[in-house]
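Trainee: I'm new to this one and would like a close look at a single part. Could you walk me through it?

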Amino acid sequence: MKSVCFYFNIHQPFRLKRYRFFDIGNDHYYYDDFANDDIITRLAEQSYMPMADTLLEMIRESNGAFKCAISISGTAIEQLQLYVPEFIDKLKQLADTGCVEFLAGTYAHSLSSLEDHDEFIREVKQLDRLLLRLFGVKTKTFANTELIYDDDIAMLIAGMGFRNCLTAGAKHVLGWKSPNYVYKAATAPNLRLLITNDKLAGDISMNFNRTEWDEYPLTADKYLDWIASSPEQEQVVNMFLSMDTFGTFIPESTGIFEFMKALPRFAAVRGIRFSTPSEVCSHLKPVGELTIPYPLSDIDEARDVSAWKGNELQNEALSKLYSVAERVSLCDDRRLKLDWEYLQSSDHFYYMCTKNMSDGASHAAFSPYDSPFSAFTNYMNVLADFLVRVQEQFPESIDNEELNPLLLTIRNQAAEIASLNKEVTSLRINILNSEEKAAMAEIEAEPEIPKAVPPKKPAAKKNSSAKKASTRSIAKKSASAQDDK
Amino acid sequence: MKALMFGWEFPPHILGGLGTASYGLTKGMHNNGDMEISFVIPKPQGDEEKGFANIIGANCTPVAWRDVNRDYVEGRIGKVMDPQLYFDLRDHIYADFNYMRLNDLGCIEFSGRYPDNIIEEINNYSIVAGVISRTIPCDVIHSHDWLTYPAGIHAKNVTGKPLVIHVHATDFDRSRGNVNPTVFGIEKDGMENADHIITVSDLTRRTVIDKYGISPDKVTTVHNAVIPLSDELLNLPRREKKDKVITFLGRITMQKGPEYFVEAAAKVLQKNRNVRFVMAGSGDMMDDMIRLAAKRNIADRFHFTGFLRGRQVYEMLADSDVYVMPSVSEPFGISPLEAMEMGVPSIISKQSGCAEILDYVIKTDYWDIDAMADAMHSLVSYPGLHNMLRDKGIEEIHRITWEKAGKKVIDIYRHVMDNRR
């Protein structure tokens, strides 16, 4: 029985406002609230909300036979919370049906998997926490930023405890292999790999409303025929689609939502079922290993990471940004950490792509800038201000290795002072108690020796905290001495 | 194919971009093969590069008969022109111009520059064109810029051959819209009499169509190119220096937008004192600019070089880190291409014709001082951008050749000749 897996991806970056170099040091707010609000509200209205309703209806009508997966970035969730909170409720409803699997990923849709592994792990965990808190879901399957994947990343993903990972069906890696199987990672044998089927996904995302396409118009009937007619052994079809494709690039008027709604019915006739990725992975055995030494992605004709790391501009911006990764992780300024997230979004680097204006067309379509150079200039100005702020956190003369133990001492000191304070108060209470007792004893039997009782308690306390440093016992002594007076 | 070209300037004696463009185009056309070009200029000096075009001096062309012997002619104009050509031309004098002020050879003197009596000089040039076009056989006539349009029309009337005019600039560019009616009249007359019009950019093409009312189907854009610089110039020593240098290079006139450069410089200097600004060139707005720089309190970091010629231009570029051309209206603008070839990243205004063919430059609106200052700052502060524009810029310039431009012009010749038949 064949399985079809739909993945809907939702991501929006925090776009930067026009930030001139004379703002550096004067203005620490970097975002174009108007554009961000405008874009996500428009997308939600045209695409996210109707699509979520469509999915809910599909699940309801098919009594839960329709299943799919959603991957959403942390920055998108934050923007939705700000501007379109009703969509968060819709996602919650989807999560509650149990038919939708949420995928793990990077919080800011960032390139940290290529640049800084510690940051990568931190980001993934942060998104996981957010998904758990909002939707009560625990993620099992991993989908990196634009499906970036290579053997090193496989090890990181497996190391975080994920069993399944989705990646792109790049021709130069697959070669003769079909994407319609489950594979396993060469470097992490426990990690199962699901590969996207670009052809079938492209028929929806690119060809659906192309009237000159020879298969136009595409119907659910025909589409599922294609899937059903694939070789018997090919058991799974993974389709990774950006959710905003539905309703914007392919407007509602093309009947795209009706097409989706018809899918479960026609699938049932052909004995094709819908699955979530983790179901697929638990049912199917991997047929082979995939070795991917160089990172691949889902973007552009080359299906590699050159859309973000293809020219000097991008490399300079990335290396400057990640040069402070450790510093930022050491500090605990909340706003700084927030900016750190937002500045990592891969989109900022995508806008700087100069892949000579051939693939550039699709880059330009999404870019708020008029050229890659102004994208770079603007980003670097923002980054310059951000770097100044990071440097202000700690003196520059101390390098990270020194800083780390120092910060540790400072943090431990706080804990130590807290524990000492606790001790002092408990001692004070003891002393007060013992004094009271002594006074009572005095009242009861005046001529008796009062010394015998008071020293007993402090001595017992001393034994219980035998490990404590000598300084502390001195402090205690002086404290108790003061109290004695 | 034989072409008779009328021009005003020719290297090495040039006053602006016109000479460079005429030279590059002629050479590019010659390299396409099968082209025989006669190039008329008002006043050749004898040190022009020959070989690809036959240079004819208007000031060596007799318009009245003088009985002179060959040796005398040889002695007078031998270094500029073949004496035999003088006698050939003398055989084709078509009217009696003795009433004019002529020299001992029966020729009219030309300044070859842009004097106050330029209208008179243009008229004289067209008289001479009558003699030349009767003498030199040609298939097509090509006039460079408005100064030579009357000559081209005259030659067309004499020979009946098609006229192509090459618009390197219009008076709308030079005057920010306040056109001189006489100049406008000459330009419009030239355009209407031409069989085809070549413009150096789509920007100029639109001006020709919109402002002069010319039918779009007879206006074609052939973008200028750049003549590869000699290795000697490319390898000029680059000094190690503490400060970054941002350069404006060109005539300091209204058309070139120098005040925007000064204002942007003031913005950059507020933040970053390790930059120096150079305004190279001369022009009627120079004094105003010196005053403006003083008023903005940046005179200590803002330098004026005066007019640079020949090699000095390239020495200046070799010392620069950024080249800026904030022209308000620039039909093409060849100088950023030269800067890029020298490895100097450029910032150009979107109102420049060359912006149409360049990718690896930063383009801003000429009035957007903030954007311009931002681009300057970013080029001197972020090495990634500077290196990329430098390296990719050189590659890009090497793809823009006069041969390709020459090919397009030859195609236009074929087209107008076919229409004639």
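Trainee: How many residues of chain A are in contact with chain B, and how many residues of chain B are on the other side of that contact?

Mentor: Keep in mind that this is a predicted model. In it, 14 residues of chain A are in contact with 17 residues of chain B. On the chain A side, two helices to look for are α13 (312-322) and α18 (372-393), each of which supplies at least two residues. As for their character, the chain A residues that touch chain B are seven nonpolar, four polar and three charged.

Now stay with α18(A), since it turns up again in the largest nonpolar core. That core has 246 residues, and A:Ala317 and B:Met376 have the most contacts inside it. Its largest share, ten residues, comes from α18(A). Put your cursor on A:Ala317 next: leaving out residues up to four places away in sequence, A:Ala317 touches A:Phe349, A:Met352, A:Phe376, A:Tyr379, A:Met380 and A:Leu383.

While you're here, hop over to chain B for a helix pair. The axes of α4 (residues 118-135) and α5 (residues 149-159) of chain B come within 8 Å and cross at roughly 30 degrees. Angles under 35 degrees count as roughly parallel, so that is what α4(B) is to α5(B). The crossing is right-handed. Among the residues making this contact are B:Ile122, B:Tyr125 and B:Ala129 of α4(B), along with B:Ala151, B:His154 and B:Val158 of α5(B). Taken together, the contact residues of α4(B) and α5(B) split into seven nonpolar, six polar and one charged.

Note on methods: Residues are numbered from 1 along each chain as its sequence is written. Chains are lettered from A and ligands numbered from 1 in the order in which they are written. This is a predicted model: local features need pLDDT of at least 70, side-chain atom pairs count only at pLDDT 80 or more; totals for chains, interfaces and linings use all residues. Two residues are in contact if their C-beta atoms, placed from the backbone, lie within 7 Å. Helices (H or I, at least four residues) and strands (E, at least two) are DSSP runs, numbered from the N terminus. Ala, Val, Leu, Ile, Met, Phe, Trp, Tyr, Cys and Pro count as nonpolar, Asp, Glu, Lys and Arg as charged, and the others, Gly among them, as polar. Axes are lines fitted to C-alpha atoms, for helices over the stretch in contact, and angles run from 0 to 180 degrees between N-to-C directions. Angles under 35 degrees count as roughly parallel, over 145 as roughly antiparallel, 65 to 115 as roughly perpendicular and the rest as oblique. A crossing is left-handed if the near helix is turned anticlockwise from the far one by less than a right angle, and right-handed if clockwise. A nonpolar core is a set of buried Ala, Val, Leu, Ile, Met, Phe, Trp, Tyr and Cys residues joined through C-beta atoms within 7 Å. A residue is buried if 20 or more other C-beta atoms lie within 10 Å of its own, exposed if 12 or fewer, and partly exposed in between; C-beta atoms are placed from the backbone.
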